[in-house]
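Visitor: Could you take me through this model, one feature at a time, and show how each answer is reached?

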Amino acid sequence: MEETFLTKTLEKCTHVFEETSFLEIQRYTNSQNDSIREGKLKYDDFEAFVAGTDKFYTPSFPKGANGVQRIASLRLIVQADVRHPDAFASDTLTLTPEQYLSMIANFHLPSRAVEMTAAMGPVFWTDSTQCDGKYLQIVYRKVTKQPKGTKGFEMVLSHDFETNETRGYLKGGQQILEALAYLRTSVRDIIHPMLLPVIVLSLKIQGRSETSQQEVHNQIRLIEARLRNTRPVKQASISENEGITLEAVNADLSACHQKIWKRPEAYLELIDEFQKSLQIIASSSRKDQNPELFSVHSNLRSRLELLRQRVRGIQNSAQTTLHRVDMQRSVLHNILLNQQNQIALQIENRNQRQEKEKELAVGQWNRTQLLLSLLGSIFLPITVVAAVFSTSFFNFHPGPGEKIMSPDFWIFWVVTAPITIIFVACWAFATMRRDK
């Protein structure tokens with residue numbers, strides 16, 4: 001079943017290129033014979049390295065050193081400082097399928113590791129049931145998605161309890177380069193299979209150290225002081241730009257929230273898994289036969305306990321800081337809400353003043369129109385009478401035989417009446433059209 005899963009998973013995986021190198025550390029009973037060998041691993045040399053043949057063959061007894069023998073070794077295929085944005089993408093390998101299969105077979109690595117290409121992590125898995133308990137297999141992976149791709153690290157190891165030989169595959173970015181630097185200075189500790197995972201875990205937690213949390217605390221104090229010194233809202237004016245300072249405070253709160261370690265519980269669970277792996281190693285080895293292993297074992301257990309307490313401290317600090325951030329956001333929200341209410345009240349007052357001014361203007365206009373109507377009502381009849389009597393149809397100084405009103409006065413009505421009727425009809429028609 002495991003071979004089927006491995007084959008099917010490799011068939012759907014894509015391959016992206018990354019530079020490959022190797023690291024080989026040999027520890028002997030005499031520390032003067034310890035050796036570190038590393039360099040670029042060419043495609044044609046890959047099979048020889050994983051098989052430990054040709055120029056990569058290392059004897060158990062160094063030449064010219066009588067009574068000295070190898071007691072531990074570490075052989076790694078390394079892809080450090082990866083550059084491709086899809087190096088940690090789902091169903092993506094940075095080794096060819098043939099190389100991956102050869103590495104799995106010769107290094108006795110877990111075939112299930114290829115099924116974790118989609119895991120985001122942190123993921124830590126160990127198994128010692130394969131090959132009758134002869135090997136301890138380890139998978140440690142942490143990947144995060146970013147706008148420009150994915151980044152993280154991947155570690156697949158296999159430790160031989162009989163020969164104390166650890167072999168594996170390591171891929172990652174700048175942090176892996178730093179971990180390898182620590183590893184080169186810990187040659188005497190490579191006898192323990194959990195050395196490299198603990199180094200990587202320590203560097204990950206240092207990246208989220210207490211210093212970062214203290215910086216967030218200091219920034220929160222500054223934000224609290226800025227909000228306390230905010231100008232009273234009752235003095236706010238619509239014409240003044242009150243949003244700039246508050247927007248800056250909100251941006252600072254968002255920056256603080258991003259810096260806070262949101263879920264340190266994941267690393268507390270990870271440390272528990274590390275402790276379980278140490279228990280498996282302790283139960284698979286005898287202290288009287290391998291005292292140096294147990295010496296390193298005790299140091300690693302102590303370091304894990306230290307990391308646990310540090311993470312708990314960061315956890316408590318993060319919870320307190322998140323609470324303070326939420327409080328300041330509530331204060332900021334209340335300030336903005338009060339400003340909005342005050343501005344809305346000012347707008348309402350201004351509208352009311354404008355309505356009153358409009359009413360006064362309309363009243364003045366109505367009074368003016370009433371006066372004009374009154375004047376028209378007074379003078380219009382006089383004007384009509386004067387116009388009629390000023391026509392030639394009337395002669396108020398008639399001569400002998402003449403009448404005061406001309407007998408042709410009917411012509412005046414014949415002309416004016418139709419014109420008046422036509423004018424009134426046009427006005428009524430225009431009024432009805434406008435109303436529609």
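Guide: Before the surface is discussed, a definition is needed: a nonpolar patch is made of residues with over 30% relative accessible area and no salt bridge, the nonpolar side chains being joined within 5 Å. Please keep in mind throughout that this is a predicted model.

Visitor: What is the accessible area, taken together, of the nonpolar patch on the surface that includes Leu371 and Phe379?
Guide: Phe379 belongs to helix H9, and its relative accessible area of 48% makes it partly exposed. The patch joins Phe379 with Leu371, Leu372, Leu374, Leu375, Ile378 and Ile382, and their accessible area together is about 670 Å².

Visitor: Turning inward, which element gives the most residues to the largest nonpolar core?
Guide: The largest nonpolar core has 44 residues, and among those with the most contacts inside it are Leu76, Tyr140, Leu183 and Phe274. Strands S2, S4, S7 and S8 each supply at least two residues of this core, as do helices H4, H5, H8 and H9. The element that gives the most, with eight residues, is H5.

Visitor: How many residues make up the second, separate core?
Guide: This second core is separate, and Leu10, Phe22, Ile104 and Val139 are included in it. Its number of residues is 24.

Visitor: Which residues does Phe274 touch, leaving aside those up to four places away in sequence?
Guide: Phe274 is one of the buried residues of H8, together with others including Leu270, Ile271 and Leu278. With residues up to four places away in sequence not counted, Phe274 touches Phe124, Tyr140, Met194, Pro197, Val198, Leu201 and Leu304.

Visitor: What distance does H8 reach from its first C-alpha to its last?
Guide: H8 has 20 residues, for which a span of 28 Å is expected at 1.5 Å a residue. The helix in the model is close to that expectation, reaching 29 Å.

Visitor: Which residue of H8 meets Arg308 in a salt bridge, and is Arg308 buried or exposed?
Guide: Arg308 lies in helix H9 and its partner in helix H8, so that the pair links parts of the chain 36 residues apart, with side chains meeting at 2.7 Å, N to O. At 11% relative accessibility Arg308 counts as buried, whereas its partner is partly exposed at 31%. The partner of this buried arginine is Asp272.

Visitor: Which residues are linked with Glu24 in a network of salt bridges?
Guide: The side chains of Glu24 and Arg37 meet at 2.8 Å, N to O; Glu24 lies in strand S2 and Arg37 in strand S3, so the pair ties together parts 13 residues apart in sequence. Glu24 counts as buried at 3% relative accessibility, while Arg37 is partly exposed at 30%. The residues linked with Glu24 in the network are Arg37 and Arg75.

Visitor: What is the relative accessible area of Arg141, which meets Glu154 in a salt bridge?
Guide: The two side chains meet at 3.1 Å, N to O, and the pair ties strand S7 to strand S8, as Arg141 lies in S7 and Glu154 in S8. Glu154 counts as buried at 6% relative accessibility. Arg141 is buried as well, with a relative accessible area of 2%.

Visitor: What is the phi of Asp54?
Guide: Most residues other than glycine have a negative phi. Asp54, in the loop between helix H2 and S4, counts as exposed at 65% relative accessibility. Although Asp54 is not a glycine, its phi is positive, at about 55°.

How values were computed: Residues are numbered from 1 along each chain as its sequence is written. This is a predicted model: local features need pLDDT of at least 70, side-chain atom pairs count only at pLDDT 80 or more; totals for chains, interfaces and linings use all residues. Side-chain values use heavy atoms; hydrogens and water are left out. A nonpolar core is a set of buried Ala, Val, Leu, Ile, Met, Phe, Trp, Tyr and Cys residues joined through side-chain atoms within 4.5 Å. Buried means under 20% relative accessible area, exposed over 50%, partly exposed in between (1.4 Å probe, protein chains only). Helices (H or I, at least four residues) and strands (E, at least two) are DSSP runs, numbered from the N terminus. Contact means heavy atoms within 4.5 Å. Patches are made of residues with over 30% relative accessible area and no salt bridge: like charges are joined within 9 Å, nonpolar side chains (Val, Leu, Ile, Met, Phe, Trp, Tyr) within 5 Å. Accessible areas come from the Shrake-Rupley method with a 1.4 Å probe; for residues, only the protein chains shown count as cover. A salt bridge is a side-chain nitrogen of Lys or Arg within 4 Å of a carboxyl oxygen of Asp or Glu. The expected span of a helix is 1.5 Å times one less than its number of residues.
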